[in-house]
Amino acid sequence: MASDDTRHDVDTLTDLAFALFKAAGLEPDKAHAVAEILVEADLMGHTTHGLALAPWYLESIRNGVMTKAGQPKIISDRGACVAWDGLRLPGAWLTSTAMDLAVERAATYGTVTITIGNSHHIGCLAAYLTRATDRGYMVLLASSSPSGASVAPFGGTRGVFTPNPIAAGIPTDGDPILIDVSASITTNNMSSRLIAEGRKFEHQWLLDRDGNPTDDPNVLNDGGTILPAGGLDHGQKGYALAILVEALTQGLAGFGRADKPEGTNASVFLQVIDPSAFAGEAAFVHQTGWLADACRNNPPRPGVERVRLPGESAASRKRQALVQGVALHQGVFDKLRAEAARLGVDFI
């Protein structure tokens, strides 16, 4: 199903989302962070991780799965290395707060790494990256969910991992390069969307419980799994990446599958790097700018208009949406209206 034809003002959508989460019981700073990150995802065109997540988040608040108030527990703080227990607080607020802290400290330490265990879902990773790249810093961000198991190790048939996204923001002498990829070939949220819409994937990106490839996302409700990135041919690459993400997130945060956690949760790895602490900012953007130009100017193969950089299409969609308004995925606006009626929030 396509997006709604109606385009919505960005500030109005953000205010609506803020009002919904505040009415549901989140503290104002947390409600604002969640609203901002979800709308940012929609601005970039990542609609499975935008306001489509709002009803699920609101349900988590109602059921006590998402903690409404408070601060993370500090497990360790060595200045350049920090570990938090997120206490199931909103992932968007925890990650935004950690990003801002890392950016602040990077000026002193050069590189700052923060891990968060026991967070709630953090949404679209790309939505956080410009908080660092706007300052000229490089950033790495990864997330996993220790209670989820929808992706099998390559060659296996039983889920061990979640899609395990990893993202990077890389400053250049122009727009930053914004990378946001998963260790799996598709995601749980996209699978859920296709199931709800009665559709299948364009390719055989899943396995049924017996290990047979399929394009039917319904197999995930019967012991099936999502293939690692690389699929049946080269899935060992996504499998290896999934292990790396789990070590960075769950291992360093100290909250993972070995603890057998239940409910919605996430472990997060975040690292901000100041190029001036190394060869220098000018040297950094000289190299990344050259690389960006080399990719963009590469002769395209037949059928391809031009070579794009990671994040380029998302940046274009955001610029357009800021002028023309945000187009939400079909049905999302109606679900927001229903949540507003339930919470007594004036609807736009």
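Here is a short chat about the predicted model shown above.

Reader: Okay, I'm new here. How many helices and strands does the chain have?
Author: There are 10 helices and 12 strands in this predicted model. The radius of gyration is 20 Å, close to the 20 Å that the globule rule gives for 348 residues, so the chain is as compact as a globular protein of that length.

Reader: And what does the C-alpha trace span along its principal axes?
Author: About 50 × 45 × 45 Å.

Reader: How much of the chain counts as buried?
Author: Of the 348 residues, 50% do.

Reader: Let's talk sheets. What order do the strands take in the open sheet of seven?
Author: The order is 2-3-4-11-5-6-7, and the pairing is mixed. At the edges sit strand 2 (73-77) and strand 7 (177-182), each pairing on one side only. From one strand to the next, the twist averages 10°.

Reader: Strands 4 and 11 are neighbours in that order. How many bridges join them?
Author: Seven bridges, linking residues 111-119 of strand 4 with residues 266-273 of strand 11, and the two run antiparallel. If you want a spot to look at, find Thr115: Phe269 in strand 11 stands opposite.

Reader: Which strands does helix 7 lie across?
Author: Helix 7 lies across strand 2, strand 4, strand 5 (138-144), strand 6 (165-170), strand 7 and strand 11. Relative to strand 5, helix 7 runs at about 90°.

Reader: I clicked on Glu246. Where is that?
Author: In helix 7, which covers residues 231-253.

Reader: Is Glu246 buried or exposed?
Author: Buried: the relative accessible area of Glu246 is 11%, and the cut-off for buried is under 20%.

Reader: What does the Glu246 side chain make a polar contact with?
Author: With the side chain of Asn164, at 2.9 Å. Leaving aside neighbours within four places in sequence, Glu246 is also in contact with residues including Ser144, Phe161, Thr162 and Arg257.

Reader: Switching topic: how many residues are in the largest nonpolar core?
Author: That core has 67 residues, and Phe21, Leu51 and Val272 are those with the most contacts inside it. A second, separate core has nine residues, among them Phe161, Ala183, Ile226 and Ala242.

Reader: Why would nonpolar side chains be together like that?
Author: It's a general tendency: in soluble globular proteins, nonpolar side chains tend to be buried together.

Reader: Back to Phe21. What does Phe21 touch?
Author: Not counting residues up to four places away in sequence, Phe21 touches Leu26, Ala31, Val34, Ala35, Leu38, Ala54, Tyr57, Leu58 and Ile61.

Definitions and conventions: Residues are numbered from 1 along each chain as its sequence is written. This is a predicted model: local features need pLDDT of at least 70, side-chain atom pairs count only at pLDDT 80 or more; totals for chains, interfaces and linings use all residues. Side-chain values use heavy atoms; hydrogens and water are left out. A nonpolar core is a set of buried Ala, Val, Leu, Ile, Met, Phe, Trp, Tyr and Cys residues joined through side-chain atoms within 4.5 Å. Buried means under 20% relative accessible area, exposed over 50%, partly exposed in between (1.4 Å probe, protein chains only). Contact means heavy atoms within 4.5 Å. Helices (H or I, at least four residues) and strands (E, at least two) are DSSP runs, numbered from the N terminus. A polar contact is a pair of N or O atoms within 3.5 Å; within protein, one must be able to donate a hydrogen and the other to accept it, and residues adjacent in sequence count only if both atoms are side-chain atoms. Two strands pair if DSSP finds at least two bridges between them. Axes are lines fitted to C-alpha atoms, for helices over the stretch in contact, and angles run from 0 to 180 degrees between N-to-C directions. The radius of gyration is taken over C-alpha atoms; the globule rule is 2.2 Å times the number of residues to the power 0.38.
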